[in-house]
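Got the viewer open? Load the model below and keep your selection box handy, since we'll go stop by stop.

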Amino acid sequence: MSSIQKKTDVILIGAGVMSATLGSLLKELAPEWEITVFEKLASAGEESSNEWNNAGTGHAALCELNYTSEKADGSIDISKAVNINEQFQLSRQFWSFLVNSNLIHNPQDFIKPIPHMSLVIGEKDVSFLKKRFKALSKVPLFQGMEFSDDPEKLKEWIPLIMEGRTSNEPIAATKIDSGTDVNFGALTRMLFDYLKSKNVEIKYKHSIKDIKRTSDGLWEVKVHNLENGKTEYHTAKFVFIGGGGASLPLLQKTGIPESKFIGGFPVSGLFMVCNNPKVVAQHHAKVYGKAKLGAPPMSVPHLDTRYIGNQKSLLFGPFAGFSPKFLKTGSNLDLICSVKPNNLFTMLAAGAKEMALTKYLIQQVMLSNEKRLEELREFIPNANIEDWEIVVAGQRVQVIKDTQAGKGTLQFGTEVVSAADGSVAALLGASPGASTAVHVMLEVLEKCFPQHLKEWEPKIKEMIPSHGVSLAENAELFQEIHAFTSQALGLGEKESLHR
C-alpha cells in the first residue's frame, strides 16, 4: 500500500462543533496557519453535534436545576449557574461577530428564541425553586425571570402540561424569555463552510489510527483513507482531539502523562418526538424538571420545543440507555479497549461508587414503551402514544478520573486535557458541551498557545468583547452585549403560543 506524507501547522480531529469553533478562532487569530481537519464520517456535524443527537438547548443555566444546589444551611449555591451563563454569553458574542463580519449567514437557521422554564412538583421542590429564583434574580444575567406557583398562571405558560392535571400537589415554575433553541448541527455545517472558504483542508471519510510523537517534537497522525484504503501520515506542531466520545481512546494513543488514570463510561439516550401540529402548537418553551434519584445530570427530563429543518416539533426525554460504543457510529469494543493498566482501578472504583447510577441505567434500559409513556404523562397528562415516536440520541461518555474527592470519581461537565507543553489537547465530557464551545476553545488557546496570547488579545476582544470580564458583576456591560447579540442573531422577536 502506498502512503502519503504531509506537514501542516494544526490538525483538528473530528468535524464537530468543537473543532469548528477552534478552527474558526485560529483562522481569525492566525490566518496564515495551515489547518487540516480529519473526520471519519462523510460530512460535518454528524455525531455529537448533530441536531438529533443533543438537546439543542442553549445551555445558560436558565432552566437546568442541576446547575444550582442546595447547601447544608438551606441556601442555594448559584456559582455554577452563573459560570455557565457567562460561558454561553461568550458563544453568543463570537457567533454575532461571525454574522456581522459576513463570515456566516442566516443566524435564524441555527438559533431561535425560546422561553426556558423549570418545573417542579411537591412542597419540598417548590420551596427549592422559590429560593433558586430569588438567588438568581439578584444577578443581571438572569433578569426577566418570573416565578409562579399559581396553577392559573401556569395554564397560560404551559397549557399542554397543565391540561388534565388532577393532582393537588403544589406545582411551580420559573420562566425566562431570553432562552434559546440552538441547532448545533446547522451551526457546525456553517462554520465548516466558512473554514473551507479560508482554505482549510477538510478530509472526510478519514479515520485516525494512531498519534505518535516524532523525534523533532512534532505529532505524527496515522490516517486511514476510507475511500481508497490508503494510509496517510500527517505531521503538525499542534493536534486537537475533538472527536466526541472517541476523544478518550485517541488521547490514550498520544501516551502523554495527562492521558493516564482517566476512564470513560458511555451513556446512550433516547428521545420521544411529536410532530403532530395540533399538539406542537400547544407548547412553546423548553421545560426542565428535576433528575430522578441516581440519574446522571444529563438525564434531567425535559419537554422541548425544537426547530429542526425549519420544522417545529416537540422532544421529550432523554431516556438513558447503555451501549458499549463511544460514538453512535462506534464499535461495540470501544469500552473494553479503553480500559488500560493505568485506568483499570480508576474504572473499578467508579463502578463500586456509582451503584445508584448503574441501577438507574439498568432500569432505563429495561423500560417498555408503556413505561416511557407513563414518564411522558408526568409532563403531559393527556399524552397520546400515537403522537410520539422514539429517536435514538447521541452517545455521551462520562469522564471518570482520580481526583481529590477520591479514586474513580465521575466527572460531570466538559473538560480539556492538554499536554504540559501545549502541543496536544483533547476535549472530554458531556453537557453543557456545545453551548460553551467558545469558552472551552479559548481555554485551549490559553493552555496551548500562551506565547501568542499577547498579540492575539486585541482580536479576541474584538470578537468577544466581554473576554476576561465578569458580566455578572457588570450589569451595564451585560445589557449592552445582550442587546447587541440579540440583534445580530435575530433573537429580539418573540413567537407567541398558538392556542
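**Stop 1: the aromatic cluster**

Select Trp33, Phe238, Phe449 and Trp456, which form one aromatic cluster. Before going on, some housekeeping: this is a predicted model, where local features need pLDDT of at least 70 and side-chain atom pairs count only at pLDDT 80 or more, while totals for chains, interfaces and linings use all residues. Residues are numbered from 1 along each chain as its sequence is written, and side-chain values use heavy atoms, with hydrogens and water left out.

Rings of Phe, Tyr and Trp (its six-membered ring) count as a pair if their centres lie within 6.5 Å; planes under 30 degrees apart are stacked, over 60 edge-to-face, and the rest tilted. By that rule there are 10 aromatic pairs. Zoom in on Trp33 and Phe449: the pair is tilted, at 5.4 Å centre to centre and 50 degrees between the planes. Trp33 sits in the loop between α1 and β3 (35-38) and Phe449 in the loop between α13 and α14, so the pair ties together parts that are 416 residues apart in sequence. (Helices, H or I of at least four residues, and strands, E of at least two, are DSSP runs numbered from the N terminus.) Both Trp33 and Phe449 are buried, where buried means under 20% relative accessible area, exposed over 50%, and partly exposed in between (1.4 Å probe, protein chains only).

Now pick Phe88 and Trp95. This aromatic pair is edge-to-face, with 6.0 Å centre to centre and 80 degrees between the planes. Both Phe88 and Trp95 are buried.

**Stop 2: helix α14**

Select residues 453-463, helix α14, and show side chains: the buried residues are Trp456, Ile460 and Met463. Look down the axis of α14 and the buried residues fall within an arc of 50 degrees (taken from the directions from the helix axis to the C-beta atoms), so they line one face of the helix. Flip to the other side of α14 and you'll see Lys454, Glu455 and Pro458, which are exposed. What covers the buried residues? Add α1 (17-29), α2 and α13 (437-448), which are included in that cover.

Next, Thr436, in the loop between β24 (424-429) and α13. Thr436 is buried, with a relative accessible area of 1%. Leaving aside neighbours within four places in sequence, Thr436 is in contact (heavy atoms within 4.5 Å) with Ile84, Gln87 and Ser91.

**Stop 3: the cores**

A nonpolar core here is a set of buried Ala, Val, Leu, Ile, Met, Phe, Trp, Tyr and Cys residues joined through side-chain atoms within 4.5 Å. The largest has 85 residues, and those with the most contacts inside it are Trp95, Phe110, Phe142 and Phe240. Helix α2 (residues 79-100) gives the most to this core, with 10 residues. Apart from it lies another core, of 34 residues, among them Ile211, Val221, Ile262 and Val267.

**Stop 4: charges over rings, and cysteines**

A charge sits over a ring if NZ of Lys or CZ of Arg is within 6 Å of the ring centre and within 35 degrees of the ring normal. Try Lys112, which lies over the face of Tyr307 at 5.1 Å from the ring centre. Then jump to Arg372, whose charged end sits over the ring of Phe319, 5.7 Å from its centre.

How many disulfides are there? With a disulfide taken as a pair of cysteine sulfur atoms within 2.5 Å, the count is 0. Select Cys274 to see one case: its sulfur is 20 Å from the closest cysteine sulfur, in Cys63, too far for a bond. Cys274 is buried, with a relative accessible area of 0%.
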